[in-house]
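Hi,

Here is the model I said I would pass on. Have a look at it first, and then read my notes below.

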Amino acid sequence: MNKLSIITKGIIKENPIFVLVLGMCPTLGTTTSAFNGLGMGLATTFVLMLSNLVISLIAGFIPAKVRIPSFIVVIAVFVTVVQLVMQAYVPALYETLGLFIPLIVVNCIVLGRAEAFASKNKPLDSFLDGLGAGVGFTLGLTVLGAVRELLGSGAFFGWKILPGDAVLVFILAPGAFIALGYLMVLFNKIKKA
Amino acid sequence: MARVSNFKNMFLCLLIICFGGSALLGGVYLITYQPIADAQTAKVSQALAGVLPEFDNVPADEAYRVQVDGRYVTVYPATKSGIFAGAAVEAVTTKGFGGPITLMVGFKADGTIYNTAVISHSETPGLGDKMDPRKSDFSLQFKDKNPETFKLAVKKDGGQVDAITAATISSRAFCDAVSLAYTAFRQTAQKGGDQ
C-alpha cells in the first residue's frame with residue numbers, strides 16, 4: 001500500500017464518522033459550532049498520530065495479554081499532554097470542550113487504529129494512518145459543526161450570517177442526530193458516485 | 001512477534017510503560033504549570049476589571065472566602081486611593097438547569113450592583129445561555145440596581161426581574177447567585193467600607 005493511500009483511506013473510504021460511525025460521543029457532544037468541532041478534531045488527530053507512532057514502535061516488546069492495558073496507558077498519556085497544553089495556551093477552547101478532552105482516551109477510533117493498524121505495521125505507516133484517520137475525523141466534526149452552527153444559530157465560525165435565533169433544535173442534542181444522519185446519507189451518496 | 005505472556009514479562013512491560021508515561025507527563029506538567037496558572041489569574045482579573053468600578057489595588061491579592069448561608073463565596077475588595085470603592089463577589093449556584101453557574105457580581109460601595117459577569121455555566125445553548133451578556137440583554141437589567149429596593153426574583157415569583165423567555169429556571173438561578181453575592185457583600189465587604 002503506498003503512503004498516500006494510507007492517508008486518504010482514513011479520510012474517504014474509512015472515514016471514522018460517516019463510514020465507520022466510530023467515536024459518536026464527542027461527535028454529537030462537541031459539534032455545536034464549527035470551531036468546537038475543528039478543535040476537538042485536531043486534538044484527536046494529535047493523539048491518533050502520536051499514539052499510533054509509539055504503539056507501532058513498542059508493539060513488538062509487549063506480551064499479548066497486556067496489549068490493551070499498555071495501549072490505553074500510551075493513549076492516556078498523550079491525551080493528558082493535549083489537555084495540559086490546551087489548558088495552558090487556549091483556555092477558552094479548553095473550557096468549551098471541557099469534559100470531552102479526557103474522553104478521547106476511550107474514543108473507539110484511537111484504540112481501534114492502535115489495534116487494527118499500528119500494532120501490525122511500521123512506525124511511519126502507522127503515523128500516516130493516524131494522520132489520515134485524524135483528518136477524516138476532523139473533517140467530519142468540522143462539517144457537522146458548521147451545518148449545526150449555520151442552522152442552529154445562523155452563524156459560520158462565529159460570524160453571524162442570518163439574523164435572529166434560527167432553528168434552535170440543531171444546537172441541541174436531537175439536532176445533532178438529525179444533522180449527522182443527513183450528512184451520512186449525503187457523504188455515502190457522493191462516495192458511491 | 002510479541003514476548004511470552006508470563007508474569008515477569010507482563011509486569012516489566014507495564015512497569016516500564018507506566019514509568020515512561022509518568023516521566024513524560026511530569027515534564028509536560030512542569031512546562032505548562034505556569035501558563036495554566038497565568039491563564040486562570042488572567043481570567044479572574046479580566047472578569048474583575050469588567051464588574052468593578054474604578055480601583056487601583058489588586059483585588060485578587062486581597063481576596064478571601066466566606067461562608068454565607070452554608071455556601072462559600074469569594075470576595076474581592078476594591079479600593080481607590082485607599083478608600084473602599086466596592087467589591088466583586090464570586091458566587092456559585094447549583095439551581096441552574098444544566099449544572100452549577102458561577103457569577104462574578106460587582107458592587108459599588110453603597111451596595112448598588114455595578115455589573116455582572118458569567119464565569120461559567122452549562123445552560124442550554126440558545127435558551128439559558130442568554131444570561132451571557134454577549135447573547136442577550138438579560139444580565140444588563142441588573143446594572144445600577146440596588147438589591148435593597150430591587151427585588152431579586154423573576155416576575156413570575158413576584159420579583160422585578162424580566163426572565164429569559166423559555167428559561168425561567170436559568171433566570172431564577174441567576175437571581176439566586178446575585179442574591180447570594182449581595183448577602184455576602186452586606187455581611188463582609190461593606191462592613192469595613194461603611195466606617
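Bear in mind that this is a predicted model. I'd start with the sheet in chain B: five strands, antiparallel and open, in the order S1-S2-S3-S4-S5. The edges are taken by S1 (64-68) and S5 (113-120) of chain B; each of these has a single partner strand, so one side of each has no neighbour in the sheet. From one strand to the next, the twist averages 25 degrees.

Now for the pairings. Strand S3 of chain B (residues 83-93) and strand S4 of chain B (residues 101-108) run antiparallel and are joined by 8 bridges. If you want to find the register on screen, Glu90(B) has Met104(B) as its bridge partner in S4(B), and Ala87(B) is partnered by Phe107(B) in S4(B). On to the next pair: S4(B) and S5(B) are also antiparallel, with 6 bridges between them. There, Val105(B) has Thr116(B) of S5(B) as its bridge partner. The hairpin made by S4(B) and S5(B) has 4 residues between the strands, and Gly111(B) in this hairpin has a positive phi near 95 degrees.

How much of S4(B) is buried? The strand is mostly covered, with 6 of its 8 residues buried.

Back to chain B as a whole. Its secondary structure amounts to 2 helices and 5 strands, and along the sequence they come in the pattern α-β-β-β-β-β-α. The radius of gyration of chain B is 23 Å, where a compact globule of 195 residues would have one near 16 Å. Along the principal axes, the C-alpha trace of chain B spans about 75 × 45 × 30 Å. As for burial, 36% of the 195 residues of chain B count as buried. Among the contacts in chain B with a separation of 6 or more, 53% come from residues 24 or more positions apart.

Then there are the two chains together. Which class leads on the side of chain B that touches chain A? The contact involves 24 residues of chain B and 27 residues of chain A; that side of chain B has 16 nonpolar residues, along with 6 polar and 2 charged ones.

The cores are worth a look too. The largest nonpolar core has 53 residues, and Val47(A), Val74(A), Ile75(A), Phe78(A) and Val82(A) are the ones with the most contacts inside it. The elements giving two or more residues to this core include helices H3 (34-58), H4 (67-89) and H8 (173-192) of chain A, and H1 of chain B is on that list as well. The most comes from H7(A), which gives 12 residues. Take Phe78(A) as a place to zoom in: neighbours within four places in sequence aside, Phe78(A) is in contact with Val47(A), Leu50(A) and Ser51(A). Another core lies apart from that one and has 43 residues, including Phe55(B), Ala85(B), Tyr114(B) and Ala167(B).

Have a look and tell me what you think.

Cheers

Definitions and conventions
Residues numbered from 1 in each chain as written. Chains lettered and ligands numbered in written order. Predicted model: local features only at pLDDT ≥ 70, side-chain atom pairs only at ≥ 80, totals over all residues. Contact = placed C-beta atoms within 7 Å. Nonpolar A, V, L, I, M, F, W, Y, C, P; charged D, E, K, R; others polar. Rg over C-alpha atoms; globule rule 2.2 N^0.38 Å. Buried ≥ 20, exposed ≤ 12 C-beta atoms within 10 Å, placed from the backbone. Pairing = 2+ DSSP bridges. Axes fitted to C-alpha atoms, helices over the stretch in contact; angles between N-to-C directions. Core = buried A, V, L, I, M, F, W, Y, C linked by C-beta atoms within 7 Å.
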